[in-house]
Amino acid sequence: VGLSCVDCLDPVASPYVTTTYTVSTFSCLGTVAQTTLTVYVEEAPTLAIESEDIRVILGDSILLEAFTNQFDASLVWTTAEGETLCEGCEEIFVKPTETTSYYLALENEYGCRAESEITIKVQDACSNGDLQIPNIISPNGDGHNDFFVIQHEGFRSLNLLRIYNRWGELVYDTDDLTKYWDGRFRGTDLNPGVYVYYLEGVCLDGEDFTRTGNVTILK
């Protein structure tokens, strides 16, 4: 089992499990001469890098952990530039200043290797956040731009939205931004025109932020 041939001088052995092979031949005296050889099959190394997140706020550190079935093997952490960060470490803390890839290589005593990588994205408070705020809504029930919907990414939370008319009168106020403004005030459609919004939220680093702007109601 696992031999490329059974009647040749130099067979190639490729067993899936540890296997003992016996080779025999007749001697010049007519007797059988034989010997045995055991090929040991070791479990192939597996390797992965795990982290609590793939994002980190600029200035913070994050823990990277190695997961492998062969912790007695040699582990080497490096950067994309080939800089060695640690040898023999099962976990390391990194503090990237920009989005960075980290690499981990393993080699066991038999020369078998495994590699893994992870990319940590660096976010700078709110500067990398993405707010998509419409400047026009047309609440006419046609299914297009009927609501004032704020889409966001890279923020801890959005906490407050207020909308005022041109005279400074508050026409909409909510602390639940999963609810969308439909261009009404006290159940009545507002007149077309320009309105001012005021938005409060929290950046990823815990700092508060505000945004203001205009939204136009069209009919």
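**Exercise 1.** Arg55 is partly exposed, with a relative accessible area of 41%; which residue does the side chain of Arg55 meet in a salt bridge?

*Solution.* The first step is to place the structure: this is a predicted model, in which local features need pLDDT of at least 70, side-chain atom pairs count only at pLDDT 80 or more, and totals for chains, interfaces and linings use all residues. Residues are numbered from 1 along each chain as its sequence is written, and side-chain values use heavy atoms, with hydrogens and water left out.

The next step is the partner, which is Asp53, and the N to O distance in this salt bridge (a side-chain nitrogen of Lys or Arg within 4 Å of a carboxyl oxygen of Asp or Glu) is 3.7 Å. The last step is the setting of the partner: Asp53 has 30% relative accessibility and therefore counts as partly exposed, a class that lies between buried (under 20% relative accessible area) and exposed (over 50%), with a 1.4 Å probe and protein chains only.

**Exercise 2.** Which residues are linked with Arg113 in a network of salt bridges, and how many salt bridges does a search of the whole structure find?

*Solution.* Begin with the pair formed by Arg113 and Glu115, whose side chains meet in a salt bridge at 3.2 Å, N to O. Of these two, Arg113 is partly exposed at a relative accessible area of 47%, whereas Glu115 is exposed at 59%.

The network is then completed by Glu107, which is linked with Arg113 and Glu115. For the total, the search of the whole structure gives five salt bridges.

**Exercise 3.** Which residue does the side chain of Asp189 meet in a salt bridge, and is Asp189 buried, partly exposed or exposed?

*Solution.* The partner is Arg184, and the salt bridge between the two side chains spans 2.9 Å from N to O. Turning to accessibility, Asp189 counts as partly exposed at 42%, and Arg184 is likewise placed in the partly exposed class, with a relative accessible area of 37%.

**Exercise 4.** Which residues of the largest nonpolar core touch the most other members, and with which residues is Ile163 in contact once its neighbours within four places in sequence are left aside?

*Solution.* A nonpolar core is a set of buried Ala, Val, Leu, Ile, Met, Phe, Trp, Tyr and Cys residues joined through side-chain atoms within 4.5 Å. The largest one holds 21 residues, and those touching the most other members are Phe148, Leu161, Ile163, Trp181 and Tyr195.

Next, take Ile163 and leave its neighbours within four places in sequence aside: its contacts (heavy atoms within 4.5 Å) include Phe148, Trp181 and Tyr195. The remaining partners in that list are Glu169, Leu170, Val171, Tyr172, Val196 and Tyr197. Apart from this core lies another, of 20 residues, with Val56, Ile62, Ala73 and Leu104 among them.

**Exercise 5.** Which residues line the largest cavity?

*Solution.* On a 1 Å grid over the protein atoms alone, a cavity is a set of points where a 1.4 Å probe fits but cannot get out, and lining residues have an atom within 4 Å of a point. Phe148, Leu161 and Trp181, already met in the largest nonpolar core, are among the residues that line the largest cavity. The list is completed by Ile150, Thr174, Leu177, Lys179 and Tyr180.

How values were computed: On a 1 Å grid over the protein atoms alone, a cavity is a set of points where a 1.4 Å probe fits but cannot get out, and a pocket is an open set with protein on both sides within 12 Å along at least five of seven lines; lining residues have an atom within 4 Å of a point.
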